[in-house]
Amino acid sequence: QVQVVESGGGLVQPGGSLRLSCTGTGTIKSIPRMAWYRQAPGEQRELVAAISQGGGTDYAVPVSGRFVISRDNTKNMTMLQMNRLKFEDTAEYFCAMDVINLWGLLVTYWGQGTQVTVSS
């Protein structure tokens with residue numbers, strides 16, 4: 001069994017910063033890919049950023065240059081540093097981990113989500 005838990009959301013003014021964290025626990029052998037998605041009300045869930053086990057990163061165009069994704073493989077953790085936040089960054093943010101479990105199966109696990117609200 002694997003659990004993925006996010007933390008760090010909240011209310012921030014435009015131009016401010018927030019840092020999200022996500023940790024995977026349980027029957028994990030490795031995590032080839034960690035990613036952050038977001039979903040605003042009435043919108044589809046979209047990829048924000050992703051990072052491979054080797055540290056290669058990929059960013060959505062709207063956040064490129066403002067957000068930074070990182071990971072700590074020793075702790076099965078990923079972080080999303082969000083800078084220069086804009087109103088349009090308001091959304092529920094979800095962490096997703098592509099986990100290879102102890103039996104060699106690749107399964108994607110999702111966190112429960114954390115709300116980020118950018119408001120003045």
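## A guided tour, starting from D98

Select D98 to begin: this residue is buried, with a relative accessible area of 15%. The model on your screen is a predicted one.

**Stop 1: the partner of D98**

Which side chain does D98 meet in a salt bridge? Add R33 to your selection, and you will find the two side chains paired at 3.7 Å, N to O. R33 sits in strand β4 and D98 in strand β9, so this pair ties together parts of the chain that are 65 residues apart in sequence. Is R33 buried or exposed, or something in between? R33 is partly exposed, with a relative accessible area of 26%.

**Stop 2: a network of charges**

How many salt bridges does a search of the whole structure find? The search finds 4. Side chains of opposite charge can pair when their charged atoms come close.

Now select R38, E46, R66 and D89 together, since these residues are linked in a network of salt bridges. Take R38 and E46 to start with: their side chains meet at 2.8 Å, N to O. R38 counts as buried at 7% relative accessibility, whereas E46 counts as partly exposed at 36%.

Next, move to R66 and D89, whose closest N and O atoms are 2.7 Å apart in a salt bridge. This pair links distant parts of the chain, 23 residues apart: R66 is in the loop between β6 (57–59) and β7, and D89 is in the loop between β8 and β9. Both R66 and D89 are buried.

**Stop 3: the nonpolar core**

Leave the charges for now and select W36, V48, F67, L80, M82, Y93 and M97. These are the residues with the most contacts inside the largest nonpolar core, which has 27 residues. Color the strands to see where the core comes from: among those that each supply at least two residues are β1 (2–7), β3 (18–26), β4 (28–39) and β5 (46–52). Further along, β7 (67–72), β8 (77–82), β9 (91–101) and β11 (114–118) also each supply at least two. Which strand gives the largest share? That is β9, with 5 residues. In soluble globular proteins, nonpolar side chains tend to be buried together.

**Stop 4: the surroundings of Y93**

Finish by centering the view on Y93. Leaving aside residues up to four places away in sequence, Y93 touches V48, F67, L80 and M82, among others. Its contacts also include E6, L20, Y37, G113, T114 and V116. One of the residues Y93 touches is R38, the buried arginine you met in the salt-bridge network.

Notes: Residues are numbered from 1 along each chain as its sequence is written. This is a predicted model: local features need pLDDT of at least 70, side-chain atom pairs count only at pLDDT 80 or more; totals for chains, interfaces and linings use all residues. Side-chain values use heavy atoms; hydrogens and water are left out. A nonpolar core is a set of buried Ala, Val, Leu, Ile, Met, Phe, Trp, Tyr and Cys residues joined through side-chain atoms within 4.5 Å. Buried means under 20% relative accessible area, exposed over 50%, partly exposed in between (1.4 Å probe, protein chains only). Helices (H or I, at least four residues) and strands (E, at least two) are DSSP runs, numbered from the N terminus. Contact means heavy atoms within 4.5 Å.
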